[in-house]
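Please open the model in your viewer and keep the selection tool at hand, since this tour moves from one selection to the next. At each stop, take a moment to look before reading on.

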Amino acid sequence: MDNKQVYLRGVMCGRLIFLLVVALELLIFCVGCTRFDTSDSGEPLLYDICDSTMLPDELVTIIDKKKEKPFNLVYSNSTYTYIVMAAGRQERDDVGVVIDEMYKDENAIYVKGILRQVATPTDGIKGDSISFPYVVIRIMKMDVPVVFK
């Protein structure tokens, strides 16, 4: 064989290997994804609204690190699942995150929280009324995903 045929054979093998790798990655991506229908109603769940004394130390640390920006978080230990909804930095101290609805169907747990005025604003100097409102819900440990609405 001459050098040109060897080169072309190498190029063809390289393209074949590339296509096989792309096909394998696509297959892995498709297998890892699941689709389920979201519902607008379901069975209501019993839950506890937790203060910081009821939370695991690790969860308190995570919330303190992330509190500047809005976030949703699910944290589980051996007994409970904790669902955190945080509104981030607010320039007023009279707002809080309130659970609007929470229910479960066969596919997931659905939680909707809203930022709502929960107190009378203080008459403090501008800049003194900064808050980082969040709510933590504790439920018995379940192995279903949580969908934030």
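Begin by selecting Tyr-75, Tyr-80 and Tyr-82, which are linked into a cluster by ring pairs; keep in mind that this is a predicted model. The structure holds three aromatic pairs. In one of them, the rings of Tyr-75 and Tyr-82 have centres 6.2 Å apart and planes at 50°, so this pair is classed as tilted. The rings of Tyr-80 and Tyr-82 also have their centres 6.2 Å apart, but here the planes stand at 65°, so the pair counts as edge-to-face.

Now colour these three residues by accessibility: which are buried, and which is partly exposed? Tyr-82 is buried, with a relative accessible area of 3%, and Tyr-75 is buried as well, at 15%. Because buried means under 20% relative accessible area, Tyr-80, at 24%, counts as partly exposed instead.

Stay with Tyr-80 and add Arg-138 to the selection, for Arg-138 lies over the face of Tyr-80, at 4.3 Å from the ring centre. A similar kind of arrangement can be found by selecting Lys-67 and Phe-132, where the charged end of Lys-67 sits over the ring of Phe-132, 4.8 Å from its centre.

Next, select strand β4, residues 80–86, and show the rest of the structure around it. Six of the seven residues of β4 are buried, so this strand is largely enclosed by the rest of the structure.

Which strands pair with β4? One partner is strand β3, residues 71–76, which runs antiparallel to β4 and is joined to it by six bridges. If you follow the chain from β3 to β4, you will pass through a hairpin of three residues that joins them, and if you select Phe-71, you will find that it stands opposite Ala-86 in β4. Another partner is strand β7, residues 134–140, which pairs with β4 in the antiparallel sense over seven bridges. To see one position in this pairing, select Val-84 together with Val-136, its bridge partner in β7.

For the last stop, leave the strands and select helix α1, residues 3–32, in which Phe-18 lies. Is Phe-18 buried or exposed? With a relative accessible area of 55%, Phe-18 is exposed. Add Leu-19 and Val-22 to the selection, and together with Phe-18 they make a nonpolar surface patch of about 310 Å².

Definitions and conventions
Residues numbered from 1 in each chain as written. Predicted model: local features only at pLDDT ≥ 70, side-chain atom pairs only at ≥ 80, totals over all residues. Heavy atoms only, no water. Patch = residues over 30% accessible without salt bridge, like charges linked within 9 Å, V, L, I, M, F, W, Y side chains within 5 Å. Areas by Shrake-Rupley, 256 points an atom, 1.4 Å probe, with all protein chains shown as cover. Salt bridge = Lys/Arg side-chain N within 4 Å of Asp/Glu carboxyl O. Helix = DSSP H or I, 4+ residues; strand = E, 2+ residues; numbered from the N terminus. Buried < 20%, exposed > 50% of the residue type's maximum accessible area, 1.4 Å probe, protein only. Phe/Tyr/Trp six-rings, centres within 6.5 Å; stacked < 30°, edge-to-face > 60°. Lys NZ or Arg CZ within 6 Å of the ring centre and 35° of its normal. Pairing = 2+ DSSP bridges.
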